[in-house]
Amino acid sequence: MFTAETELGRPVASWLRSTGGVCIAEEVAVGYGVPDMVAGVGERRQLSNRRRQVGPVTDTLQLALLEYCRTSRTEDELREWAPGAYSDLLRRALRPLLEQELLTATLTGYRARRQPRDPFERLVAVELKLRVSERGFAQAYAYRLFAESSYLAVPAARIRPAHMERARHLGIGLLAVFEDRCEEVVEPEDRSLVTPNRRRLASEQILAASLRVDGPRAGAPARSLVLS
């Protein structure tokens, strides 16, 4: 019998890897809660290429600025566009992106030199609970705003037919966790509620978590659990 939620992590991580997860991170904070685990699913070659090209961009303002500067922008345009004070934009986004050579200064202003590519085809979020609860269902449901698939994972012995029906109603998946394995008992709904900006931020944080383990370039707000 499990005595702590963290004990559910290993069998769930093994299941995520078996379903294509190339990076798995803990506690990726992108708003609307902090899931216990988030996996990036995709091709390892695509992940390796992204790692070689550019490091993770985990600041929301930097991601927004890169998108805004797909075409050349003057300083006056940046001042007008800045969500807050222009000095904050300079400190938090413009100067760091210039230093990383993701943004370049031109005769007419500033333009994105490179757009970091999302290394994952889809994201899978998992909330770990020792017991089935409405709070767990609500948390897993909220994660659908940035992950294409979201699950509630609980010990197999705790799951009842009513819980399975509740998961189907909410469109989330349900994972039955055993000591040595994990089984999907309810498949999540295909219809996604993903918000693109939060999805993009989550991908960058998962990438950052992988670099914390695999290389010295990371500085990530997410903690790594099991990675490629």
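## Ground rules

Buried means under 20% relative accessible area, exposed means over 50%, and partly exposed lies in between (1.4 Å probe, protein chains only). This is a predicted model: local features need pLDDT of at least 70, side-chain atom pairs count only at pLDDT 80 or more, and totals for chains, interfaces and linings use all residues. Residues are numbered from 1 along each chain as its sequence is written, and side-chain values use heavy atoms, with hydrogens and water left out.

## Salt bridges within helices

A salt bridge puts a side-chain nitrogen of Lys or Arg within 4 Å of a carboxyl oxygen of Asp or Glu. The count by this rule is 15. Helices (H or I, at least four residues) and strands (E, at least two) are DSSP runs, numbered from the N terminus.

In helix α7 (residues 161-170), Arg168 and Glu165 are three residues apart, about one helical turn. Their side chains form a salt bridge at 3.8 Å, N to O. Glu165 is partly exposed at 48% relative accessibility. Arg168 is partly exposed too, at 44%. Helix α4 holds Arg79 and Glu75, four residues apart, again about one turn. Here the N to O distance is 3.0 Å. Arg79 is partly exposed at 45%, and Glu75 is partly exposed at 36%. An α-helix has 3.6 residues a turn, so residues three or four places apart point the same way.

## Arg50 and its network

Salt bridges with shared partners join Arg50, Arg200 and Glu204 into one network. Arg50 lies in helix α2 (residues 44-53). Arg50 is buried, with a relative accessible area of 2%.

Contact means heavy atoms within 4.5 Å. Leaving aside neighbours within four places in sequence, Arg50 touches Gly55, Pro56, Val57, Pro116, Arg117, Pro119, Arg200, Glu204 and Leu207.

## Helix α5

Helix α5 (residues 86-99) has 14 residues. Its expected span (1.5 Å times one less than its number of residues) is 20 Å, and the end C-alpha atoms are 18 Å apart, which agrees. The helix bends by about 30 degrees at Ala93, with Pro96 following within four residues. That bend is the angle between axes fitted to the seven residues ending there and the seven starting there. After α5 comes Glu101, with a positive phi near 60 degrees.

Buried residues of α5 are Tyr86, Leu89, Leu90, Ala93, Leu94, Pro96 and Leu97. Their cover includes α3, α4, β3 (103-106) and β4 (109-112). Arg92 of α5 is partly exposed at 30%. Arg92 forms a salt bridge with Asp59 at 2.9 Å, N to O. This pair links distant parts of the chain: Asp59 is in the loop between α2 and α3, 33 residues from Arg92. Asp59 is buried at 19%.

## Aromatic rings

Rings of Phe, Tyr and Trp (its six-membered ring) pair if their centres lie within 6.5 Å; planes under 30 degrees apart count as stacked, over 60 as edge-to-face and the rest as tilted. Three aromatic pairs meet this rule. One of them, Tyr68 with Trp81, is stacked, at 4.7 Å centre to centre and 10 degrees between planes. Tyr68 sits in helix α3 (residues 60-68) and Trp81 in helix α4 (residues 75-81), 13 residues apart. Tyr68 is buried at 17%, while Trp81 is partly exposed at 24%. The Tyr143 and Phe146 pair is tilted, because the ring planes stand at 50 degrees, with centres 6.1 Å apart. Tyr143 is buried at 0%, and Phe146 is buried at 0%.

A charge sits over a ring if NZ of Lys or CZ of Arg is within 6 Å of the ring centre and within 35 degrees of the ring normal. Arg73 lies over the face of Tyr68, 3.9 Å from the ring centre. The charged end of Arg181 is placed over the ring of Phe178, 3.9 Å from its centre.
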